[in-house]
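Notebook open, structure loaded. I'm jotting things down in the order I looked them up.

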Amino acid sequence: MPIILKGILSPADARMALDHGVDAIVVSNHGGRVTDGLITPMKALPSIARTIDGKCPILLDSGVRTGTDVLKAISLGASAVMIGRPQLHALAVAGMAGVAHMLHMIRAEFELAMAQVGVKSLDELGPAYVTSSD
Ligand SMILES: Cc1cc2nc3c(=O)[nH]c(=O)nc-3n(C[C@H](O)[C@H](O)[C@H](O)COP(=O)(O)O)c2cc1C
């Protein structure tokens, strides 16, 4: 069974995860719900991505709300993002159709953002497309 370790926020923990042979990591502060003052995953991502150096996939969550959030995360080294509360909110408002609509909106925003920065594929994204991780 693949082991995906969630809650990584530092390069040292990313290194330890690699050394223990995890299949993937999730850069996450658990939605900022657990401890005040934690670094945001988007800020933590670049140094963690340098440590992982392609040796396992990196996922990111906590605060992904728009297609440009997805673009930033992929540019800074994530393979994919995860989305938490927006799914619950969409489900509460409009059921399964609401969740499908929310995911469709984020996908459409992401594709538009790719067009606006001028890339045709995810491989073309990189840190140069993000001047600040704020
Ligand atoms: C109600 C609720 C309960 C959660 N419980 C857990 C948990 O038990 N363990 C965990 O790792 N993350 C937990 N999370 C965090 C989510 O797994 C996820 O990391 C987070 O919601 C992503 O951020 P976002 O909601 O801003 O997209 C919880 C989140 C919510 C909203």
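**Asp-53**

I started with Asp-53: is it buried or exposed? I count it as exposed, because it has 10 C-beta neighbours inside 10 Å and the exposed class runs to 12 or fewer. Asp-53 sits in the loop between α2 and β3. I also checked its backbone: phi is positive, about 50°, although Asp-53 is not a glycine. Most residues other than glycine have a negative phi, which made me look twice. I then took a distance from here to Ala-108, 55 residues along the chain, and got 29 Å between the C-alpha atoms.

**How far to trust it**

Note to self: this is a predicted model. Mean pLDDT for the protein is 96, with 98% of its residues at 70 or more. The scores I wrote down are ipTM 0.97 and pTM 0.95.

**Pro-57, in the loop between α2 and β3**

Pro-57 is another residue in the loop between α2 and β3. I have Pro-57 down as partly exposed because 16 other C-beta atoms lie within 10 Å, and that falls between the exposed limit of 12 and the buried limit of 20. What does Pro-57 touch, not counting residues up to four places away in sequence? I found Ala-24 and Ser-79. I also tried Thr-35, which is 22 residues from Pro-57 in sequence, and the C-alpha to C-alpha distance came out at 26 Å.

**Overall layout**

I stepped back to the whole chain. It has four helices and four strands, and from the N terminus on they run β-α-β-α-β-α-β-α. The radius of gyration is 15 Å, close to the 14 Å that the globule rule gives for 134 residues, so I put the protein down as being as compact as a globular protein of that length. Along the principal axes, the C-alpha atoms fill a box of roughly 45 × 35 × 35 Å. I have 28% of the 134 residues as buried. For contacts between residues at least 6 apart in sequence, 52% join residues at least 24 apart.

**The core**

Next I went after the largest nonpolar core, which has 28 residues. Which members touch the most others? My list reads Ile-8, Val-27, Leu-45, Ile-48, Ile-58, Ala-73 and Ala-78. Two or more residues each come from α1 (11–19), β2 (24–27), α2 (41–52), β3 (58–60), α3 (67–75) and α4 (85–117). The largest share is from α2, with six residues. In soluble globular proteins, nonpolar side chains tend to be buried together.

I picked Ala-78 from that list for a closer look. Leaving aside neighbours within four places in sequence, Ala-78 is in contact with Leu-45, Ile-58, Leu-59, Leu-60 and Ala-73.

**α3**

I went through α3 for its buried residues and wrote down Val-70, Leu-71, Lys-72, Ala-73, Ile-74 and Ser-75. What do they pack against? The partners are α2, β3, β4 (80–81) and α4. After α3 comes Gly-77, with a positive phi near 120°.

**The ligand shell**

Which residues surround the ligand? I listed Lys-6, Ser-28, His-30, Gly-31, Arg-33, Asp-61, Ser-62, Gly-63, Val-64, Ile-83, Gly-84 and Arg-85. By type, the shell divides into two nonpolar, six polar and four charged residues.

I followed up two shell residues. Lys-6 is in strand β1 (residues 4–8). It counts as partly exposed because it has 13 C-beta neighbours inside 10 Å, while exposed stops at 12. Outside four places in sequence, Lys-6 is in contact with Val-26 and Ser-28, and Ser-28 is itself on the list around the ligand. I measured nothing by hand here, but the computed C-alpha separation of Lys-6 and Ile-58, 52 residues apart along the chain, is 9.9 Å.

Ser-62 is in the loop between β3 and α3. Buried or exposed? Ser-62 counts as buried because 24 C-beta neighbours are inside 10 Å, and buried begins at 20. Its phi is positive too, near 95°, in a residue other than glycine.

How values were computed: Residues numbered from 1 in each chain as written. Predicted model: local features only at pLDDT ≥ 70, side-chain atom pairs only at ≥ 80, totals over all residues. Core = buried A, V, L, I, M, F, W, Y, C linked by C-beta atoms within 7 Å. Contact = placed C-beta atoms within 7 Å. Near = placed C-beta within 6 Å. Nonpolar A, V, L, I, M, F, W, Y, C, P; charged D, E, K, R; others polar. pLDDT = per-residue confidence, 0-100. Rg over C-alpha atoms; globule rule 2.2 N^0.38 Å.
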